[in-house]
Amino acid sequence: RKILKKDWYRILSVQTVVGAEALTEIKKILTDYKTEIRDTEVARAEQGKLLSLKMDLKLLTDRHDDRIISDIIQIKGVKKAGWK
């Protein structure tokens with residue numbers, strides 16, 4: 001009996017300090033969890049002191065949600081991370 005993989009689409013929202021190399025680290029973590037980044041929006045927030053990232057993701061399962069957030073929140077320069 002074959003088990004079908006279900007794709008999960010989620011929006012990851014992250015706020016980082018401007019100038020932090022967080023985006024590279026975030027992409028590495030997402031790759032480690034075999035997550036596909038479908039789209040990324042970057043905007044300035046808090047009078048230009050923070051970057052607001054919104055990443056449209058495709059996950060193969062939803063079982064890593066909490067671990068992804070806890071790994072991302074530990075990156076230097078990341079202020080907030082969560083699912084939308």
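In this predicted model, the helices α1 and α2 are roughly antiparallel to each other, because the angle between them is about 155° and any angle over 145 degrees counts as roughly antiparallel. Helix α1 covers residues 22-32 and helix α2 covers residues 65-73, and where the two pack together their axes are 10 Å apart. The crossing that α1 and α2 make is right-handed.

The residues that bring the two helices together can be named on each side: α1 contributes Ile26, Ile29 and Leu30, which meet Ile68, Asp71 and Ile72 of α2. Sorted by character, the residues of this contact comprise five that are nonpolar, none that is polar and one that is charged.

Asp71, which belongs to helix α2, deserves a separate look. How exposed is Asp71? Its relative accessible area is 30%, and Asp71 is therefore partly exposed, since that term covers values between the 20% limit for buried and the 50% limit for exposed. If neighbours within four places in sequence are left aside, Asp71 is in contact with Ile29 and Tyr33. Of these contacts, the one with Ile29 joins residues that are 42 apart in sequence, while their C-alpha atoms are 7.4 Å apart in space.

Beside the helices there is a sheet, and the reader can follow its strands from one edge to the other. The sheet is open and has four strands in the order β2-β3-β1-β4, with antiparallel pairing. Because β2 (36-45) and β4 (78-83) stand at the edges and each has a single partner strand, one side of each is left without a neighbour in the sheet. On average, and with direction ignored, neighbouring strands are turned by 15° against each other.

The pairing of β2 with β3, the strand of residues 50-59, is antiparallel and extends over nine bridges. Among the bridge partners, Glu36 is matched with Lys58 in β3, and Ala45 is matched with Leu50 in β3. Between the two strands of this hairpin there are four residues, and Glu46 there takes a positive phi near 50°.

It remains to place the helices on the sheet. Helix α1 lies across β1 (8-17), β2, β3 and β4, and runs at about 15° to β3. Helix α2 also packs on the sheet, where it touches β1, β3 and β4, and its direction makes about 170° with that of β4.

How values were computed. Residues numbered from 1 in each chain as written. Predicted model: local features only at pLDDT ≥ 70, side-chain atom pairs only at ≥ 80, totals over all residues. Heavy atoms only, no water. Axes fitted to C-alpha atoms, helices over the stretch in contact; angles between N-to-C directions. Left-handed = near helix turned anticlockwise from the far one by under 90°. Contact = heavy atoms within 4.5 Å. Nonpolar A, V, L, I, M, F, W, Y, C, P; charged D, E, K, R; others polar. Pairing = 2+ DSSP bridges. Buried < 20%, exposed > 50% of the residue type's maximum accessible area, 1.4 Å probe, protein only.
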